[in-house]
Amino acid sequence: MKPLVLLCSFALCAYAGVRLLDGDWFMVALWFVGAAVVHDLVLLPLYAAADRVLVKGTGRRWVNYVRVPAALSGLLLLVWFPLITGRVSERYAGVAGLSADGYAVRWLIVTAVLFGGSAVVFAVRVRRGRRAPGAS
């Protein structure tokens, strides 16, 4: 079953690649190579260094409570970047028939909820950890 699913996913990727490269294939390929180079040579060292500073400066106790919401918020920013920054609002409105207003505010609200939820989970776990063993 797993090899069949893997082959289907490869077929879907091949189809998407053929459709994507059907237009201006050189610029699409250049964009992919540029994105990989920028990520590997610029962004990865930056966020690895930030994570290292966070771990060394604060200890490991609450680092994951910052990592997870930061990663999810960053992923949302990456996916919705053009709409959050308002760079494609006219094109988006023409194609989707919807307004692009409010994406930045919604992203900030989702980010605040992610960090707030993570802080609540951390506080609950710290409080449970401070109880005396055997106490109910």
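Begin with the whole chain coloured by burial: of its 136 residues, 10% count as buried in this predicted model. Switch to a surface representation, and the chain exposes about 11,100 Å². Carbon and sulfur atoms supply 71% of that area.

Next, display the chain as a cartoon. There are 5 helices and 0 strands, and the order along the sequence reads α-α-α-α-α. The radius of gyration is 21 Å, well over the 14 Å that the globule rule gives for 136 residues, so the chain is more spread out than a compact globule. If a bounding box is drawn along the principal axes, the C-alpha atoms fill roughly 65 × 40 × 35 Å. Contacts may be shown at this stage as well: among those with a separation of 6 or more, 39% are between residues 24 or more positions apart.

Now select α2 (25-58) and α3 (64-85), the elements that each give two or more residues to the lining of the largest pocket. The space in this pocket amounts to about 790 Å³. Which residues should be picked to centre the view on the pocket? Leu-43, Tyr-47, Gly-74, Leu-75 and Leu-78 lie nearest its centre, within a lining of 19 residues. Helix α2 provides the largest share of that lining, 10 residues. Colour the lining by residue class, and the residues divide into 14 nonpolar, 3 polar and 2 charged.

Move on to helix α5 (103-130) and select Ser-118, which is found in this helix. Is Ser-118 buried or exposed? Its relative accessible area is 11%, and buried means under 20%, so Ser-118 is buried. To see what surrounds this serine, hide its neighbours within four places in sequence; Ser-118 is then in contact with Tyr-65 and Pro-69. Show the side chains of Tyr-65 and Pro-69 together with Ser-118 to view this group of contacts.

For the last stop, select Ser-99, in the loop between α4 (89-96) and α5 (103-130). With a relative accessible area of 44%, Ser-99 is partly exposed, a class that lies between the limits of 20% and 50%. Finally, add Val-68 to the selection and draw a distance between the two C-alpha atoms. How far apart are the C-alpha atoms of Ser-99 and Val-68? They are separated by 30 Å, and the two residues are 31 residues apart along the chain.

Key. Residues numbered from 1 in each chain as written. Predicted model: local features only at pLDDT ≥ 70, side-chain atom pairs only at ≥ 80, totals over all residues. Heavy atoms only, no water. 1 Å grid on protein atoms, 1.4 Å probe; cavity = no way out; pocket = protein on both sides within 12 Å on 5 of 7 lines; lining within 4 Å. Points joined across faces, edges and corners; volume = space filled by probe spheres on them. Helix = DSSP H or I, 4+ residues; strand = E, 2+ residues; numbered from the N terminus. Nonpolar A, V, L, I, M, F, W, Y, C, P; charged D, E, K, R; others polar. Rg over C-alpha atoms; globule rule 2.2 N^0.38 Å. Buried < 20%, exposed > 50% of the residue type's maximum accessible area, 1.4 Å probe, protein only. Contact = heavy atoms within 4.5 Å. Areas by Shrake-Rupley, 256 points an atom, 1.4 Å probe, with all protein chains shown as cover.
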